[in-house]
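Visitor: Could you take me through the pockets of this model and the residues that line them? I would like a close look, with enough of the surroundings to place them in the fold.

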Amino acid sequence: KPAKPFASQGHYRHGQRVVFAYSIDGIDHLDSAWVENGRFTRVAGPRSGHPLAHLAKGGPAKWPERLAVKGELGKGRPYAIDTIPVPFKNPWNSPIFPGDLAFLPEGAMLVCSMQGDVWRVDGVDEALQAPVWRKVASGLHQPLGMIVVDGDPLVLCRDQVTRLKDLNGDGEYDFHECFCNAFETSTGGHDFICGLQREKDGSLVFASSNQGVVRVAPDGKSASVV
C-alpha cells in the first residue's frame, strides 16, 4: 500500500486490456499489467504522459452480438406477470442469475447478474414482441443492486459501488468508476450485499449481511452503519 494518501478511481476496459486508475498524494496514476513474449510486464506511473493513456478513452465494442427473444404478456387479473426470457444460452456460455434491474432514461432495461455481467434489454414495450439482449459490462464482483442516476448505472457490488461510464457512446461501459468503497468487504462466502436504494438527498442505502444497513454519503466518500 502506498505510504502517501491513496484513492482508487476505478479501471478502464479497452479490448483485452484493463487499465487501473488511482491517485497517490493527489496525483492521478494509470497502471496496467500485461504479458509480452511470455513475460509479465507492468506499466505504472502518472496519468500525464502515460504511454497507455489513449486506452482510457473507450475502445471498440467487445460484445457486438444481439440476442433476440420473444416476450409474453401476462393475462391474469387483477395482477399480471409479463415474461421476458433470459438468454441462458449465449455465445459466452455466461451463467445469468439476475441480481437487480433498472431502466435507462430512454426506456431500455438493464439487468445485472450475480456472475458479474450487466446486460441491456431493448424493446421492453407494451407488446414485448421483440426484446433484444446485449452484454454491456462484465467483471463486476457479485452485483446484487442497481439504480440509474443521471443516465449512468450505479451497481452495488461486494467490493464497492461502481458507476459505469460509456466513454465513446457505443452502448458498452468502458470505465468502471469507484463511486464508493468506504464500506467493509467480507471474505465470507455468503455475506451478500444487496438492496440498493437512493434517498432524496442523494445518499445511498443498502443491506450488508456483514455490517447491517449501510448509508453512503451523496458524494460517495464515506459510509456509515445505520
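Guide: A word on classes is needed before the linings can be compared: Ala, Val, Leu, Ile, Met, Phe, Trp, Tyr, Cys and Pro count as nonpolar, Asp, Glu, Lys and Arg as charged, and the others, Gly among them, as polar. The model is a predicted one, and what follows should be read with that in mind.

The second largest pocket encloses about 200 Å³ of space. It is lined by 15 residues, and those closest to its centre are Gly10, His11, Phe20, Asp159 and Gln160. Two elements, S1 and strand S2 (17-24), give two or more residues each to this lining, and S1 gives the most, with four residues. Sorted by class, the lining of this second largest pocket holds six nonpolar, eight polar and one charged residues.

The largest pocket has a volume of about 310 Å³. Its lining is made up of 15 residues, with Ser8, Cys178, Phe179, Gly220 and Lys221 lying nearest the centre. Strand S1 (6-14) and strand S13 (175-180) each supply at least two residues of that lining, and S13 is the element that gives the most, namely five residues. Its class make-up is seven nonpolar, four polar and four charged residues. Strand S1 therefore has a part in the linings of both the largest pocket and the second largest pocket, as a reader following the chain through S1 can check.

Besides these open spaces there is an enclosed one, for the structure holds one cavity of 30 Å³ or more. About 90 Å³ of space lies in that largest cavity, and its lining consists of Arg13, His14, Gly15, Gly59, Pro60, Lys62, Trp63, Glu172, Tyr173 and Asp174. In terms of class, these are three nonpolar, three polar and four charged residues.

The cysteine beside the centre of the largest pocket, Cys178, leads on to the question of disulfides. A disulfide requires two cysteine sulfur atoms within 2.5 Å, and by that rule the count comes to zero. Cys157 is in no disulfide, its nearest cysteine sulfur being that of Cys112, 7.8 Å away; Cys157 is itself buried, with a relative accessible area of 1%. The sulfur of Cys180 has its closest cysteine sulfur in Cys178, but because the two are 7.0 Å apart they are too far for a bond. Cys180, too, counts as buried, at 1% relative accessibility.

Cys112 also serves as a way into the sheet, where this residue of S7 stands opposite Asp100. Strand S7 (residues 109-113) and S6 run antiparallel and are joined by five bridges. They belong to an open sheet of five strands in the order S5-S9-S8-S7-S6, with antiparallel pairing. S5 and S6 stand at its edges with a single partner strand each, so one side of each is left without a neighbour in the sheet.

The loop between strand S5 (67-68) and strand S6 (98-103) contains Asn93, and Pro78 lies in that loop between S5 and S6 as well. A cis peptide bond, with omega at about 0°, joins Arg77 and Pro78, while Asn93 has a positive phi of about 50° although it is not a glycine. Both features deserve a second look, because most residues other than glycine have a negative phi and most peptide bonds are trans. Asn93 is exposed, at 68% relative accessibility, and its C-alpha is 25 Å from that of Phe103, a residue ten places away in sequence.

A further positive phi, near 55°, belongs to Asp150, again a residue other than glycine. Asp150 sits in the loop between strand S10 (145-149) and strand S11 (152-156) and is exposed, with a relative accessible area of 76%.

Finally, returning to S2, whose residues help to line the second largest pocket, the loop between S2 and strand S3 (27-36) holds Asp25. At 43% relative accessibility, Asp25 counts as partly exposed. Asp25 and Lys4 are 21 residues apart in sequence, yet their C-alpha atoms are 5.5 Å apart in space. Leaving aside neighbours within four places in sequence, Asp25 is in contact with Lys4 and Pro5.

Terms used:
Residues numbered from 1 in each chain as written. Predicted model: local features only at pLDDT ≥ 70, side-chain atom pairs only at ≥ 80, totals over all residues. Heavy atoms only, no water. Buried < 20%, exposed > 50% of the residue type's maximum accessible area, 1.4 Å probe, protein only. Pairing = 2+ DSSP bridges. 1 Å grid on protein atoms, 1.4 Å probe; cavity = no way out; pocket = protein on both sides within 12 Å on 5 of 7 lines; lining within 4 Å. Points joined across faces, edges and corners; volume = space filled by probe spheres on them. Contact = heavy atoms within 4.5 Å.
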